[in-house]
Amino acid sequence: MISTVQYDVNGQPSPADDAEERSSALDLESVRPLPRISIHAFCESENVQRMVDKLSRDRRMAKVNLRVTSGSIDAAANMYASSPTPNLIVLETAAEPRNLLAELAPLAEVCDPSTRVIVIGRYNDIALYRELVRNGISEYLVAPVPMVDMMAAISAIFVDPDAEPLGKSIAFIGAKGGVGASTIAHNCAFGISSLFSTETILADLDLPFGTANIDFDQDPMQGISEAVFAPERLDEVFLDRLLTKCSDHLSLLAAPSLLDRAYDFEGRAFQPVIEILQRSAPIAVLDVPHAWNEWTTSVLADADEVVICAAPDLANLRNTKNILDALKQLRPNDRAPHLVLNQVGMPKRPEISPSDFTEALEMEPIAILPFDSALFGNAANSGRMISEIDAKSPVAETFSQIAHVVTGRIAVKKAKKAGLGKILGMLGRK
C-alpha cells in the first residue's frame with residue numbers, strides 16, 4: 001500500500017545540526033522564492049523523506065503545493081495512470097544504472113509533456129546522468145541529497161535566471177511596545193539610502209498607529225492602506241503613486257495612522273505589497289508593529305533579514321527569547337535574527353546589563369544604543385533622522401553600523417556601545 005503525507009510550510013521542524021543550518025542559510029541566500037507550482041515526491045528511504053520534509057518548511061516554498069508519498073517509480077506510474085501529473089515529480093530509486101531507464105518507461109507513458117522529473121539515485125555515474133538528460137529527465141542527483149542541492153535543482157528548473165533580481169527585505173520588530181523599534185527602522189532605512197546611495201523603500205506596516213510619516217515630517221494623502229485593501233490594482237505604476245519621497249534615495253509607504261476602520265488582516269495580506277516593493281527597489285525596510293498574529297508572523301517568516309529591538313529589562317528578555325525560538329521554527333534554514341539593544345542606561349530604571357542580557361540569549365547584539373532623550377527627542381520633534389541632527393555622534397555611527405550589517409556589507413562584529421563606556425561600567429559594578 002502507498003502511504004501519502006501532505007506537508008505544509010507551517011509544519012513543525014525536526015532537529016538539525018547547527019553547523020549544517022548555518023551552511024544552508026549561506027548557500028540559500030542566492031535562491032529566489034519558487035513560483036506557484038505543484039511538486040510530488042516519491043521517497044523510498046527515511047533520509048530522503050526527511051530532506052523533503054525540511055524542504056517543505058523553507059520560506060522559499062511558501063507558494064509551492066508539495067506532496068510526499070512513500071513509494072517507488074512503479075507507485076508513481078500507477079498513480080498517474082488515472083490522474084494528471086504535477087509540475088514536478090521527484091523520484092527516489094535504488095535501481096542500477098542499466099535498469100533505470102526501463103523502470104522509468106511506464107511513468108513516461110502517463111506523464112504530461114510539461115511535467116519535469118528529478119531522479120534521486122544511488123550511483124554516481126556520469127554516463128547515466130547524460131543518458132537520463134537525453135531522455136528528458138531534468139536532473140539526476142546522487143543520494144544522500146542535501147536540502148540546499150534539492151532547492152537549487154528545483155530553482156534551476158522553474159526560476160528564470162534572466163529575471164531581475166528581487167530586492168532585499170529587512171523587517172524590524174520590537175520585543176515589547178515602546179522600545180524604539182520604529183525609530184531604529186526609520187534611521188536604518190535613511191542610513192542605507194544615504195550611505196550607499198541605494199534606492200530604499202520604508203514601509204510602515206502599523207496602519208493604525210504608525211509614526212514614519214511624523215518621523216520624516218510628511219503628510220501623504222495615500223499610502224500602504226490603499227495597497228493592502230486593493231491588491232488587484234497593485235503594480236509598479238500604482239505603487240509609484242503611493243510612495244512619498246523623503247530624500248534622494250528613500251521613499252516612504254506611509255501608514256494612515258487613523259482609527260476610522262478595524263485593521264484586521266489575513267495571514268498573507270501583505271505578501272503582494274512586499275513582493276511589489278522587492279521588485280521596485282533593492283532594499284525594502286519593513287516597520288512591523290509589536291504584535292503576534294497570522295499576518296505579522298507571515299511577514300517575519302518571509303523577510304530576508306529580521307531585526308529584533310529590545311530594551312534591557314526582564315519582560316524584553318523573555319519576549320526576545322520567545323521571538324527567537326518562534327522564528328527558528330518559522331525560518332529553519334535562514335540566519336538567526338539580529339538583535340539591537342536600545343535605551344540602555346536609562347536613569348533611575350533598574351535594568352539587566354547588556355552582557356547578562358545577551359548571555360541569557362546566547363547571542364551578541366549588532367548594536368547597543370544608549371538612552372538619550374535629548375538627541376532622540378529633538379530628532380523626533382523636528383521630523384529628522386539622528387544623522388541629520390548630529391552626523392558625528394556615536395549614535396549616528398551606530399546606526400551606520402546597523403545599516404552595514406543588515407545589508408550584508410560587513411560581518412556581524414562585537415557591538416559598539418555608542419558612548420556608553422562609563423554607563424556600562426557603572427552597571428557592571430552593580
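These legends describe close-up views of a predicted model.

**View 1. Helices H13 and H14 pack against each other.**
H13 covers residues 314-330, and H14 covers residues 354-361. Two packed helices are described by the angle between their axes and the distance between the axes. Here the axes come within 10 Å and cross at roughly 30°. Angles under 35 degrees count as roughly parallel, so H13 and H14 are roughly parallel to each other. Their crossing is right-handed. On the H13 side, the contact is made by Asn316, Leu317, Thr320, Lys321 and Leu324. On the H14 side, Phe357, Ala360 and Leu361 take part. Sorted by class, the contact has 5 nonpolar, 2 polar and 1 charged residues.

**View 2. Helix H12 is largely enclosed by the rest of the structure.**
This helix runs through residues 294-302. Why is H12 described as largely enclosed? Because 7 of its 9 residues are buried. Buried means under 20% relative accessible area. The buried residues of H12 are Trp295, Thr296, Thr297, Ser298, Val299, Leu300 and Ala301. What do they pack against? Their neighbours include two helices, H11 and H13. Three strands also pack here: E7 (168-174), E11 (283-287) and E12 (305-310).

**View 3. Glu131 and Arg134 form a salt bridge within helix H5.**
The closest N and O atoms of the pair are 2.5 Å apart. Both residues lie in H5, which spans residues 126-134. They sit 3 residues apart, about one turn of the helix. An α-helix has 3.6 residues a turn, so residues three or four places apart point the same way. The two partners fall into separate exposure classes. Glu131 is partly exposed, with a relative accessible area of 29%. Arg134 is exposed, at 62%.

**View 4. A salt bridge joins Arg279 and Glu236.**
Their side chains meet at 3.5 Å, N to O. This pair links distant parts of the chain. Arg279 belongs to helix H11 (residues 271-280), while Glu236 belongs to helix H10 (residues 236-242). In sequence, the partners are 43 residues apart. Arg279 counts as partly exposed, at 44% relative accessibility. Glu236 also counts as partly exposed, at 39%.

**View 5. Glu96 meets Arg98 in a salt bridge.**
The distance between their side chains is 2.7 Å, N to O. How exposed is each partner? Glu96 is partly exposed, with a relative accessible area of 30%. Arg98 is exposed, and its relative accessible area is 68%.

**View 6. Salt bridges that share partners build a network.**
Which residues are joined here? The network holds Asp58, Arg59, Arg60, Asp304 and Asp334. A search of the whole structure finds 17 salt bridges.

**View 7. Arg36 lies in a loop.**
The loop runs between helix H1 (18-28) and strand E2 (38-43). Is Arg36 buried or exposed? It is exposed, with a relative accessible area of 63%. Now compare sequence with space. Arg36 and Val64 are 28 residues apart in sequence. In space, their C-alpha atoms are 5.2 Å apart.

Note on methods:
Residues are numbered from 1 along each chain as its sequence is written. This is a predicted model: local features need pLDDT of at least 70, side-chain atom pairs count only at pLDDT 80 or more; totals for chains, interfaces and linings use all residues. Side-chain values use heavy atoms; hydrogens and water are left out. Axes are lines fitted to C-alpha atoms, for helices over the stretch in contact, and angles run from 0 to 180 degrees between N-to-C directions. Helices (H or I, at least four residues) and strands (E, at least two) are DSSP runs, numbered from the N terminus. Angles under 35 degrees count as roughly parallel, over 145 as roughly antiparallel, 65 to 115 as roughly perpendicular and the rest as oblique. A crossing is left-handed if the near helix is turned anticlockwise from the far one by less than a right angle, and right-handed if clockwise. Contact means heavy atoms within 4.5 Å. Ala, Val, Leu, Ile, Met, Phe, Trp, Tyr, Cys and Pro count as nonpolar, Asp, Glu, Lys and Arg as charged, and the others, Gly among them, as polar. A salt bridge is a side-chain nitrogen of Lys or Arg within 4 Å of a carboxyl oxygen of Asp or Glu. Buried means under 20% relative accessible area, exposed over 50%, partly exposed in between (1.4 Å probe, protein chains only).
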